[in-house]
Amino acid sequence: MMKSLKIAVAGLGTVGAGLVKLLADNAGIIAARSGRAIEVAAVSARDRSKDRGVAIPDSVVWYEDAAVMAAEADVDVVVEVIGGSDGIAKQVVETALARGLSVVTANKALLAHHGTQLAKLAEDKGAALAFEAAVAGGIPIIKALKEGLAGNSIAQVTGILNGTCNYILTTMRETGRDFADVLAEAQALGYAEADPSFDIDGVDAAHKLCILTSLAFATPVDFQSMHVEGIRHISAVDIEFAEKLGYRIKLLGIARKTELGVEQRVHPCMVPVRAPIARVDGVFNAVVAEGDFVGRSIYEGRGAGAGPTASAVAADLVDIARGCRTPTFGVPVAALSPLPAAPMTARQGAYYMRLMVLDRPGVLADVSAALRDEQVSVEQMIQPGRAPGETVPMVMTLHDTTEAAMERAVARIGTLAAVVEPPRIIRIENL
Ligand SMILES: NC(=O)C1=CN([C@@H]2O[C@H](COP(=O)(O)OP(=O)(O)OC[C@H]3O[C@@H](n4cnc5c(N)ncnc54)[C@H](O)[C@@H]3O)[C@@H](O)[C@H]2O)C=CC1
Ligand SMILES: N[C@@H](CC=O)C(=O)O
Ligand code: NA
């Protein structure tokens, strides 16, 4: 057998500790598949004395400073599982690549912001920069887009890309539990980012979508052009109305080529309950890719947590151990070509709108007039019960229109005296 592939692991949190455990538990099968053993030779974490539930052999060299480890450790690969788009994580990755060491990272924030420049550095140094764990956790979606679908022109990639949000939305729907309480549970399970606002405000899903867009359309990563909304405003009331109307609420990332350029958007969506993606629940993620020859293909699996993420990091390590190399974003960096960003106002589709209104005559007429003036037509309306003079929900679904028309109608509706809260809009996606 060839000499072992020596790795240094920067960060021993959920993912780092999960990786050390996986490499120990599955050492035999991994060595057989790689043609060589994969050996953890160095680690760096902030607290050496912390019990992480995994044994770190005495032979492993500990570094106080992860950047020093990246600069000096006698290894072939540096695994970066610290996190953060800048600071120490970026320093570790740049330092390792500059030495010509291959890097495996789970850090989607880093890639969404600096992916193109890091890919260039890797390419110049003949090193691999691999990141299967960075998107949709254990689902091998990076490999699917780079290799399995390499013969296709991709028109669209859509997905549930954040395990924490999907866990929250599913648990709220199934149990009626409170948002904050379920978020705390997702954090305890190791699903959430160090700063969970990245999850619930859609930023983490946007980081992942940005990477998928680059792979699917051979464009440089372009995080600044994305439209990003999270799930903070999704209430139990909306979840209940969605059920009544035959939809499920999911936080989706959608990347699509249009005549105006590339749409990249992350926001809560209502999807028909019969759509396969509507039934992807809990920490599971799913990605739907549409290729010109393959048609639609769907990938599903756990999107967060120690095991699934470690599984993806290990897959990248096995590829490197085997000597398999693919360009970081599917094509050489020089072949990545920017595409214009399609404006969000051009989005075409149906909408759900929930208003909280004072139950008094004339409200519906005023709301309808605002919609009519923007040529937005109502498909369904629900106003449960009667409570004269009190605040009640008024829910509508609206036929296909443009985002621009909806924005104007909603702005006007929001100014009506009887509308007592900002209108809540959820886009309907017929997947
Ligand atoms: N937890 C998950 O399910 C997933 C996480 N990821 C990504 O993996 C990365 C790591 O995530 P987690 O393991 O969940 O985070 P974590 O917070 O559990 O672990 C991060 C580790 O880095 C260590 N660290 C921080 N600063 C350091 C420094 N200066 N030097 C050395 N170590 C340092 C911390 O002590 C901690 O052990 C992040 O980029 C995250 O976005 C990706 C997919 C799934
Ligand atoms: N916080 C992320 C972790 C995986 O990327 C998520 O919840 O999906
Ligand atoms: Na993945």
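How does the radius of gyration of this protein, with its 431 residues, relate to that of a compact globule? For a chain of that length a compact globule would come out near 22 Å, and the protein has 24 Å, which agrees. Keep in mind as you look around that this is a predicted model.

**The overall picture**

Along its principal axes, the C-alpha trace runs about 80 × 45 × 35 Å. The secondary structure adds up to 14 helices and 16 strands. Of the 431 residues, 48% are buried. If you take the contacts with a separation of 6 or more, 76% of them are between residues 24 or more positions apart.

Towards the end of the numbering, an unreviewed UniProt entry carries the annotation "domain: ACT" for residues 352-427. That span is 30% helix and 37% strand, and its end C-alpha atoms sit 6 Å apart.

**Two ligands**

Start with ligand 1. It has 27 residues around it, and the closest are Gly 11, Gly 13, Gly 83, Ala 106 and Ala 304. Helix 1 (residues 14-25) gives the largest share of this shell, with three residues. Where does ligand 1 lie with respect to domain 1 and domain 2? Domain 1 (5-134) and domain 2 (141-303 + 327-344) both give residues to its shell, so ligand 1 lies between them. Sorted by class, that shell holds 14 nonpolar, 11 polar and two charged residues.

Now for ligand 2. Its surroundings include Gly 137, Asn 162, Gly 163 and Thr 164, and also Tyr 191, Ala 192 and Glu 193. Asp 199, Asp 204, Gly 303 and Ala 304 are also part of the shell around ligand 2. By class, you'll find three nonpolar, five polar and three charged residues there.

**Sites marked in the UniProt record**

The unreviewed UniProt entry lists Ala 10, Gly 11, Leu 12, Gly 13, Thr 14, Val 15, Gly 16 and Ala 17 under "binding site". Two of these are worth a look. Leu 12 is in the loop between strand 1 (5-10) and helix 1. Setting aside neighbours within four places in sequence, Leu 12 is in contact with Ala 17, Val 43, Ala 45 and Arg 52. Gly 13 is also found in the loop between strand 1 and helix 1.

Lys 108 carries a "binding site" annotation from the unreviewed entry as well. Lys 108 belongs to helix 5 (residues 108-125). Not counting residues up to four places away in sequence, Lys 108 touches Ala 134, Val 135, Asp 204, His 207, Lys 208 and Ile 211.

**Two residues with positive phi**

Ala 136 isn't a glycine, yet its phi is positive, at about 60°. Ala 136 lies in the loop between strand 6 (129-130) and helix 6 (141-148). Gln 375, another residue other than glycine, has a positive phi near 60°. Its place is the loop between helix 13 (363-373) and strand 14 (378-382).

**Buried or exposed?**

Here is how the residues picked out above sit in the protein, going by their C-beta neighbours.

| Residue | C-beta neighbours inside 10 Å | Counts as |
|---|---|---|
| Ala 136 | 34 | buried |
| Lys 108 | 28 | buried |
| Leu 12 | 23 | buried |
| Gly 13 | 17 | partly exposed |
| Gln 375 | 11 | exposed |

So of the two residues with positive phi, Ala 136 counts as buried because it has 34 C-beta neighbours inside 10 Å, whereas Gln 375 counts as exposed with 11.

Methods
Residues are numbered from 1 along each chain as its sequence is written. Chains are lettered from A and ligands numbered from 1 in the order in which they are written. This is a predicted model: local features need pLDDT of at least 70, side-chain atom pairs count only at pLDDT 80 or more; totals for chains, interfaces and linings use all residues. A residue is near a molecule or strand if its C-beta atom, placed from the backbone, lies within 6 Å of it. Ala, Val, Leu, Ile, Met, Phe, Trp, Tyr, Cys and Pro count as nonpolar, Asp, Glu, Lys and Arg as charged, and the others, Gly among them, as polar. Helices (H or I, at least four residues) and strands (E, at least two) are DSSP runs, numbered from the N terminus. A residue is buried if 20 or more other C-beta atoms lie within 10 Å of its own, exposed if 12 or fewer, and partly exposed in between; C-beta atoms are placed from the backbone. The radius of gyration is taken over C-alpha atoms; the globule rule is 2.2 Å times the number of residues to the power 0.38. Two residues are in contact if their C-beta atoms, placed from the backbone, lie within 7 Å. UniProt positions are given in the numbering used here, feature names are shortened, and annotations may be inferred rather than shown by experiment. Domain bounds come from an automatic or database domain assignment.
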